[in-house]
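User: I am new to this structure and would like to go through it step by step. Please explain each term when it comes up.

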Amino acid sequence: MASATAYEEHLPASPNWLNKGDNAWQLTAATLVGLQSVPGLVILYASIVKKKWAVNSAFMALYAYAAVLICWVLLCYRMAFGEKLLPFWGKGAPALGQKFLVHRARVPESDHHYKNGTVESPTSEPYYPMASLVYFQFNFAAITLVLLAGSVLGRMNIKAWMAFVPLWLVFSYTVGAFSLWGGGFLYHWGAIDYSGGYVIHLSSGVAGLTAAYWVGPRLKGDRERFPPNNVLLMLAGAGLLWMGWSGFNGGAPYAANVDASIAVLNTNICAATSLLVWTSLDVIFFGKPSVIGAVQGMMTGLVCITPGAGLVQSWAAIVMGILSGSVPWVTMMILHKKSSLLQKVDDTLGVFHTHAVAGLLGGLLTGLLAEPELCKLILPVTNSKGAFYGGSGRVQFLKQLVAACFIAGWNLVSTTLILLFIQLFIPLRMPDHQLEIGDDAVHGEEAYALWGDGEKYDPTKHGSSRVDKVSASPHANASGARGFTIDL
C-alpha cells in the first residue's frame, strides 16, 4: 500500500532528517512565547500603569518585539548560537539566506568533550530546519527586552528606548545566551539554565534595575500613586503570559519529547503554588487578597521554575513555588522599603524582584534539586545532578552561583555603558512637561476615548433615536459621563 505524500521522505520540503512532530511543536512553542510579548505583555503593561501612560507602555513593548526580530536575523542569532569568537560570544553574521535556513538546525559549539578529548555529548542538532530554531530563539530574545522595559515605564524617553533596544541585544543578551546556551564557557563547565532563568530573567531584572537608576525616577506624584487603569484587562495579559509559558519551557528541549511534557507540567504547578502563597501572605499581612499581588506571585513562580523546569521532580516544583511566592514577596514588601539604595531607584513594576530575585532563586534551587535521571534526558554534561542527590552534585550549586554572578555582573556593566553612551546624544528621561501630560504629549494619542472626557452630548454629532425621543439627562454632572433618558 502506497504511503501518503505527506509521509514520504526525500521530498524537497520533507528531507529524511525532518521530524514533523518536533517541527510542529517547535513552531507552536515559539508562537506561544511570542504571544507572551504580543499581545500578552503589551496588554499587561497598558493596563497595569496609569491611564496617561497606557499607550507609551504598550508601544515600548511592541517596538522592542519588532526591533529585536530585525536585529536578530541580521546579526544577533549567530552571535548567540553561531561559531565561537570568544568564550562568551559568537561570530555575528546574517541568518537570512535560504542555504542557511533550510538546512537542519545545528548549534555549532554545543558538542561536549571529556578531558581526554573524546566526545561526551554530540553537537545539538534538532530534527527541523534552522529557520524554526532562529524563530524560536528570537522570541526569547524579544521577551527579555520587553520584560526589561517594565523597570523604566512612565518616564524613559521613547527615542532613547529605541536606541537602547538594539544596543542591549547586541552587547548584553547575546553574551549571556552564548555563554549558557550556545556553547560558551558556562555551557561547557556545566552550569544549568534550562530555559532562561539566568539568560532572560536574571539579566532583565538586573539590567532593568540598572536602567531605572540611570534614567531616573518618575514624577513624585506618579511614584507615590500609580494605580492600574484596567485591572480586568491586566488579568487578560497575565493569562496570556501564563499560558504562553508552556511554550517557553516546553520548547526548551528542542523536541516534542518526554522532557517537554515534564517541563510543561512543572511550569504550571510552580506558578499555581506561587500565586497561592503570595496571595496568602497578602491576606495574612494586609487583610485582603490583591489581584496585582496574585499576578506578581504567578510571575515569580513562572520565573523560578524556568531554570530547572524539565530537570526537577514535580514535588520539587511545589517546593520552588512555595519559595518563589514568599522570598520575592519579602524582598519586595519588606526589604525594599528598608533598603536606601532600592528606595532611590524607581523600578516601576518591580522587575528586579519578580525576575532577578526569582530567577536567581530558581537557578540556585536547580543546583540543589536537579534530578539525575531527568538531567540525563537533556544536559550535555553526564552525571549532572543537584546537591540534594549527593556525590558530584555538590559542586552544581557552586556552578549555579558563579554563573549568576557572571550574568548579573555583565548586565550591570554593559547596561551602564550603553545608557551612558546613548545619553551623549539623547536624554534618557522625558522632560517634566511631557511627564505631567503623558501619552498625549509623547505620542499625540490617548488610550481611551471615554464618554465624559470634557465632551458634551451632541445629538447632531453622535446620532439620535430613530423613533424614540432621546434627550440628555439633567441629572448628569459636568465631571462624569452624560446620561440620557428615553421617553417611550
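User: To begin, is Thr 366 buried or exposed?

Analyst: This is a predicted model, in which local features need pLDDT of at least 70 and side-chain atom pairs count only at pLDDT 80 or more, while totals for chains, interfaces and linings use all residues. Residues are numbered from 1 along each chain as its sequence is written, and side-chain values use heavy atoms, with hydrogens and water left out. Buried means under 20% relative accessible area, exposed over 50% and partly exposed in between, with a 1.4 Å probe and protein chains only. Because its relative accessible area is 0%, Thr 366 is buried.

User: Which backbone oxygen does the side chain of Thr 366 reach?

Analyst: Thr 366 belongs to helix α15, residues 351–369, where helices (H or I, at least four residues) and strands (E, at least two) are DSSP runs numbered from the N terminus. A polar contact is a pair of N or O atoms within 3.5 Å; within protein, one must be able to donate a hydrogen and the other to accept it, and residues adjacent in sequence count only if both atoms are side-chain atoms. A polar atom of the Thr 366 side chain lies 3.4 Å from the backbone nitrogen of Gly 308. The backbone oxygen that this side chain reaches, at 2.8 Å, is that of Gly 362.

User: How many residues does the largest nonpolar core have, and which element gives the most to this core?

Analyst: A nonpolar core is a set of buried Ala, Val, Leu, Ile, Met, Phe, Trp, Tyr and Cys residues joined through side-chain atoms within 4.5 Å. The largest one has 107 residues, and those with the most contacts inside it are Tyr 45, Trp 72, Trp 161, Phe 164 and Tyr 173. The element that gives the most to this core, with 17 residues, is α2.

User: Which residues form the nonpolar patch on the surface, and what is their accessible area together?

Analyst: Patches are made of residues with over 30% relative accessible area and no salt bridge, like charges being joined within 9 Å and nonpolar side chains (Val, Leu, Ile, Met, Phe, Trp, Tyr) within 5 Å; accessible areas come from the Shrake-Rupley method with a 1.4 Å probe, and for residues only the protein chains shown count as cover. Ile 70, found in helix α2 (residues 54–81), counts as partly exposed because its relative accessibility is 48%. The patch is formed by Leu 69, Ile 70, Leu 74, Leu 75 and Leu 96, with a joint accessible area of about 420 Å².

User: Where in the chain are the two partners of the salt bridge between Asp 222 and Lys 50?

Analyst: A salt bridge is a side-chain nitrogen of Lys or Arg within 4 Å of a carboxyl oxygen of Asp or Glu, and the closest N and O atoms of Asp 222 and Lys 50 are 2.8 Å apart. The pair links distant parts of the chain, 172 residues apart. Asp 222 counts as buried because its relative accessibility is 3%. As for their places, Asp 222 is in helix α8 and Lys 50 in the loop between α1 and α2.

User: Why are Lys 376 and Glu 373 separated by about one helical turn?

Analyst: These two residues form a salt bridge, with their closest N and O atoms 3.3 Å apart. Lys 376 counts as exposed because its relative accessibility is 56%, whereas Glu 373, at 48%, counts as partly exposed. The separation of about one helical turn arises because Lys 376 and Glu 373 are three residues apart in helix α16, residues 372–376.

User: Which residue has its backbone oxygen 2.5 Å from a polar atom of the side chain of Arg 223?

Analyst: Arg 223 lies in helix α8, residues 220–224, and counts as partly exposed because its relative accessibility is 31%. Contact means heavy atoms within 4.5 Å, and, not counting residues up to four places away in sequence, Arg 223 touches several residues, including Pro 217, Leu 342 and Asp 346. The Arg 223 side chain reaches the backbone oxygen of Val 345 at 3.3 Å. The backbone oxygen at 2.5 Å belongs to Gln 343.

User: What percentage of the residues in the protein chain is buried?

Analyst: The protein chain has 20 helices and six strands, and its accessible surface comes to about 21,300 Å², of which 65% belongs to carbon and sulfur atoms. Of the 488 residues in the chain, the buried ones make up 53%.
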